[in-house]
Amino acid sequence: MTIEVRPPVSPAETKEYLRVLPYVNGFPQEEPEPSAWYAGSAAWPPQVQKTPAELEQYAEELLTDWFRPQAAFVDGKIAGASATVSVQVTVPGGQQVALGGVTATAVLPTYRRRGLLRKIMSAMLDDCRERGEFLAGLSASEGMIYGRYGFSPATFQHRWEVGRTDVAFRSEFTDPGALDLVDGAEAAKAWPVLHEQVRAERVGEISPLPGKWEGLDGLPADGSGPAHHLLHRDATGTVDGAAMFRLPWSPDPERAGVLQVEAFEALTSDAYRALWGLLLDFDLTKHVVAARRPVDEPLRWMLTNQRALKLTRTRDNLWLRVLDVRRALEARTYAASDSLVLDVSDDLYGAGRWRLDAAPDGAVCTAVNTEPDLSLSVNELGSLYLGGVRASELSYAGRIVERTPGAVSRLDALLRPDRAPHNAVGF
C-alpha cells in the first residue's frame, strides 16, 4: 500500500477529494446528539448526497487562496481529506491573529485505522507553521479524535430554552432606539458590519469566511422554515444589534409554537435588552430556543425567575492547537504581572521550557533550561490560551503538574478574562 499526502491539483482530483467529505457523500458528519449550535429539535439535519451539478459548483468554489486542501492518496485513489482555511481569531488584548482553521475532514469508512488522518493533520499543521500561523483551530464533530493531534477545547457554547409565559424582566425598559423586521438582503448588509465590531471586542471570535451572509432568505434542509431578520438601531439610526430567528411548523403539540433563535449579536445593553424583549414575547409562540449562546449569557440575570432559562445543551466549540509557544504567548495580554517557567510537551514538535514574563500590556516569552514552575502539554495550553478554561481546573484533573507551590493560582491570575471567550461564527 502506497500512501501520499498532497493537495488535489486537477479538477478531476478536486471532485474526487469532495466525494470523501460527508457533506457531499451524505455520510454522517456529526455526533447524533442535539448540538449547542443548532436550535432545531432534530439531532442533525438530514444528510443528502450532492448532485453532479452541485459537485461541479463546489469544485469551482474550492479554487481560492483561503481554502488549502490536503488529500491522502492510497495507491493513487483519494481515501482521506481535510483542509485549512485562512481566518483570524481575536486573542486577549484585542489583537486579531492568523489562525489555520481545520475543516472538511474525513476518511472513507473502508480506509480507516491506517494512519491516514494523522498524516493529513501533520501535513496541514506543518503548512500552518510554514505560513507563520502559530495557532490552528477546529470545531470537532467527534470528541475523541483531535486531542491526539494537540487540539483541546478553548471556547464553549450553551443552547437554552425558556417558556414564554415564564419570562418576566426585573425592570421596566424604554428603548432609546428602535427595532425593525427586515428582509434577508438588508440583513445581509448589516451582519458583516456588526460582526466586525463584535469580533474587535470579543476574545475567541473568528473572522467570517467569504459568502457567510449570502442567501439569508433560503429554506434550510431540516424544514425549520424561512429565516426572519430583526435589526436594532440606536437613536442615530445605526445598527447596533441583530437577530435571525425561525418559526417552524410542527405536527407535535409539544414542539408547536417554538421560536428558534439562530443568530444574535448586540453591541450595547440597550440593543441586547430590546432584541430579547421582543423575541421572548413574540405573539402566538410558547417556547424560545436559542443556540450558539455564550456561557456567560447575561439574560438570566435580567429575569425575575432565573430558573425560567433552562440549559439544554453545553458543547465545546473552538478547539485550539498552539503551533509556536513563544509567539502565541507573546501575542496576547495578561490580567496581572508575573513570571512563570512552563514546561510544555508536544508530541509533534517536541518539548520546550519557556519563561513567560507577563503583564497587562504584553509579554516576553524566552526559551530556558531552568526548573519549571508548571508542566503541561500543548493540549492544556490550547484550552488555557483564551482564558475560557482555568488552570486550577486542569490541575485538579491531573492534566497540569504544579512544580512550584502556588504556581497554578498564579497562572490563573494571569489568564483571567474579563468575559468568557466565545465565537458565534464557525468555519
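**View 1. Ala-72 stands opposite Gly-80 of strand 3.** Welcome to the sheet. Strand 2 (residues 67–74) and strand 3 (residues 77–90) run antiparallel and are joined by 8 bridges; strands here are DSSP runs of E with at least two residues, helices are runs of H or I with at least four, and both are numbered from the N terminus. This is a predicted model, in which local features need pLDDT of at least 70 and side-chain atom pairs count only at pLDDT 80 or more, while totals for chains, interfaces and linings use all residues. Residues are numbered from 1 along each chain as its sequence is written, and side-chain values use heavy atoms, leaving out hydrogens and water.

**View 2. An open sheet is built from 7 strands.** Their order is 1-2-3-4-5-14-6, with mixed pairing (two strands pair if DSSP finds at least two bridges between them). Strand 1 (3–6) and strand 6 (152–153) are the edge strands, each pairing on one side only.

**View 3. Helix 1 (residues 11–19) packs on the sheet.** Helix 1 touches strand 1, strand 2, strand 3 and strand 4 (96–107), where contact means heavy atoms within 4.5 Å. The direction of helix 1 makes about 85° with that of strand 3; axes are lines fitted to C-alpha atoms, for helices over the stretch in contact, and angles run from 0 to 180 degrees between N-to-C directions. Helix 4 (residues 116–130) runs at about 35° to strand 3 and lies across several strands, including strand 5 (135–138) and strand 14 (319–322).

**View 4. Here are some of the 9 aromatic pairs found in the whole structure.** The rings of Tyr-146 and Phe-151 have centres 6.5 Å apart and planes at 85°, so this pair is edge-to-face. Rings of Phe, Tyr and Trp (its six-membered ring) pair if their centres lie within 6.5 Å; planes under 30 degrees apart count as stacked, over 60 as edge-to-face and the rest as tilted. Tyr-146 is buried at 6% relative accessible area, and Phe-151 is buried at 1% (buried means under 20%, exposed over 50%, partly exposed in between, with a 1.4 Å probe and protein chains only). The rings of Trp-191 and Trp-213, with centres 6.3 Å apart and planes at 10°, are stacked.

**View 5. Two arginines each sit over a ring.** The charged end of Arg-129 lies over the ring of Tyr-349, 3.8 Å from its centre. Arg-273 has its charged end over the ring of Phe-169, 3.6 Å from the centre. The criterion is NZ of Lys or CZ of Arg within 6 Å of the ring centre and within 35 degrees of the ring normal.
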